[in-house]
Amino acid sequence: MSETEIIGYGAAILLLLVLSAFFSASETGLTAASPPRIHHLAGQGKSRADTVLRLLEIRDLLISSILLGNNAVNILASALATNLLIALFGNAGVVYATIAMTLLVLIFGEVMPKTYAINKPERVALAVAPVIAVLVRVMAPMLHAVHWVGSNVLRLFGVHIVREVLLSASEEMRSTLQLHAEEGTMVKHERDMLGSILDLEEVPVGDIMVHRRNMVMLDADLPPQEIVRQVLASPHTRIPVWRGEPENVIGVLHAKDLLRALSAVRFDVSRLDLPRLVSPPWFVPETTTLRGQLNAFRQRRAHFALVVDEYGAIMGLVTLEDILEEIVGDIRDEHDPASRLYRRQPDGALVVDGMATIRDLNRQFDWRLPDDDATTIAGLVLHEAQMIPEPGQVFVFHGFRFEILRRHRHQITLLKVIPIAAGSPAQG
């Protein structure tokens with residue numbers, strides 16, 4: 001073999017290795033590129049970003065085209081190297097070619113380009129998109145035929161290819177939030193807020209409402225002086241008003257309306273006409289989602305609604321602030337009473353109020369207690385125990401130890417919770 005032929009073979013092999021590196025970098029860059037980032041670049045007018053988005057929409061053809069091109073250049077490079085080394089070294093050239101091409105393809109055709117692409121996926125994707133788009137367009141007919149042959153061969157062996165259902169947008173965002181949280185690139189409070197926004201469509205108002213047992217209500221038949229006293233003593237600005245029986249709510253009294261009325265009658269309480277001050281009550285089903293209720297609050301420009309069950313019985317109330325607290329956490333002002341739903345103990349246990357919601361505890365301590373069958377921690381214990389427990393009784397389920405500390409009638413009011421599954425104290 002002449003020197004010119006050897007140089008020609010070497011140049012061809014070098015060119016094929018460059019193409020191999022190109023295909024490897026393209027595969028990694030296009031599959032690892034962040035779709036939100038590419039969308040952002042497309043919105044800034046970068047035409048190549050639009051090309052990347054179109055390629056990602058036909059991911060099967062994209063990957064097949066790149067793999068076909070990569071395999072073709074690698075096989076051709078190996079064949080040329082084998083032919084060259086056999087001419088130089090005889091039959092031993094096969095061994096030399098195998099070793100040399102394995103190292104060259106591995107280092108320069110796979111590891112180096114893919115390492116670069118995985119660190120700068122968007123840059124690589126934008127750079128290779130125009131060439132890969134042409135490649136996909138040219139190879140599409142052949143790839144469709146290859147897919148058809150492959151699917152039918154697999155079908156002969158009883159394998160049926162079914163495309164997996166893609167994650168919904170919310171599920172994908174949840175996975176992204178979880179990934180960032182595990183990597184430590186997102187603080188817990190931010191993750192909780194974003195996760196709570198995604199939960200608005202799934203959580204009914206019945207899960208966050210103020211239960212009727214804890215509602216502050218006014219009896220319309222009380223003397224005006226007593227009504228004014230109760231309104232002033234309450235930390236709330238909107239209070240339901242009932243007549244005859246608590247189930248018969250006739251309206252909602254706003255403290256500011258009461259103040260205006262008092263000013264109008266020169267603070268002569270006896271001249272107050274309470275029925276004219278109350279606004280009509282707004283009743284919503286307990287199954288209404290938080291997102292639906294938030295939209296309803298915005299449309300009606302209201303902040304307060306009474307929650308009823310399927311029979312029309314009042315279950316509690318929900319406010320705009322309750323929904324906002326589901327997103328940003330507890331909101332308290334100088335008039336809100338101090339409330340501690342849980343207290344940390346030196347041994348790592350938590351003394352928890354029975355009315356503490358499972359959702360709040362899960363979010364605060366990264367627990368995974370189920371909330372499908374109960375809303376509060378006390379309700380969960382009752383559901384799992386299938387009995388009314390006595391103080392001092394201990395239950396273990398879902399990887400936690402629950403000790404009943406206090407009970408009022410049939411209601412668990414205080415209990416101690418110890419996460420035993422993790423083997424470590426709760427972190428919050």
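Q386 turns up in the loop between α15 (377-385) and β10 (394-397), where helices (H or I, at least four residues) and strands (E, at least two) are DSSP runs numbered from the N terminus. The phi of Q386 is positive, about 55°, even though Q386 is not a glycine. Most residues other than glycine have a negative phi. Q386 is also exposed, with a relative accessible area of 63%; here exposed means over 50% relative accessible area, buried means under 20%, and partly exposed is what falls in between, using a 1.4 Å probe and protein chains only. R409 tells a similar story: its phi is near 55°, again positive in a residue other than glycine. R409 sits in the loop between β11 (400-408) and β12 (411-419) and is exposed, at 68% relative accessible area.

A word on the model itself: it is predicted, so local features need pLDDT of at least 70 and side-chain atom pairs count only at pLDDT 80 or more, while totals for chains, interfaces and linings use all residues. Residues are numbered from 1 along each chain as its sequence is written, and side-chain values use heavy atoms, with hydrogens and water left out.

Stepping back to the whole chain, the secondary structure adds up to 15 helices and 12 strands. Of the 428 residues in the chain, 38% are buried. Contact means heavy atoms within 4.5 Å, and among the chain's contacts with a separation of 6 or more, 55% are between residues 24 or more positions apart.

The largest nonpolar core contains 39 residues, and those with the most contacts inside it are L30, I38, V52, L55, L62, M101 and I132. Such a core is a set of buried Ala, Val, Leu, Ile, Met, Phe, Trp, Tyr and Cys residues joined through side-chain atoms within 4.5 Å. Two or more residues each come from α1 (3-32), α2 (35-43), α3 (47-57), α4 (59-89), α5 (93-119) and α6 (121-156). The largest share, 11 residues, is supplied by α6. Apart from this core lies another one, of 22 residues, with L350, A356, A378 and F397 among them.

Some individual residues help to fill in the picture of the 39-residue core. Not counting residues up to four places away in sequence, L30 touches V52, L55, L56, L62, I66, A125, V128 and I132. L62 belongs to helix α4 and is buried, at just 1% relative accessibility. Leaving aside neighbours within four places in sequence, L62 is in contact with L30, L55, L56, I132 and V136. L62 and A140 are 78 residues apart in sequence, yet their C-alpha atoms are 9.2 Å apart in space. Helix α3 has buried residues too, namely A49, T51, V52, L53, L55 and L56, and what covers them includes α1, α2, α4 and α6.

Helix α4 also packs against α6, at an angle of about 95° and with the axes 8 Å apart. Axes are lines fitted to C-alpha atoms, for helices over the stretch in contact, and angles run from 0 to 180 degrees between N-to-C directions. That makes α4 roughly perpendicular to α6, going by a scheme in which angles under 35 degrees are roughly parallel, over 145 roughly antiparallel, 65 to 115 roughly perpendicular and the rest oblique. On the α4 side the contact includes D60, L61, L62 and S64, and on the α6 side it includes I132, L135, V136 and M139. Further along the story of α4 comes N74, which is found in this helix. N74 is buried, with a relative accessible area of 13%, and, setting aside neighbours within four places in sequence, it is in contact with S20, V105 and E110.

Another helix pair is α12 (residues 290-300) and α13 (residues 320-328), which pack at an angle of about 130° with their axes 10 Å apart. The two helices are therefore oblique to each other. In this pair, L290, Q293, L294 and F297 of α12 meet L320, I323 and E326 of α13. The buried residues of α13 are L320, D322, I323, E325, E326 and I327.

Just after α13, G329 takes a positive phi of about 100°. G329 lies in the loop between α13 and β8 (342-344) and is buried, with a relative accessible area of 18%. The C-alpha atoms of G329 and Q364 are separated by 9.4 Å, with the two residues 35 apart along the chain.
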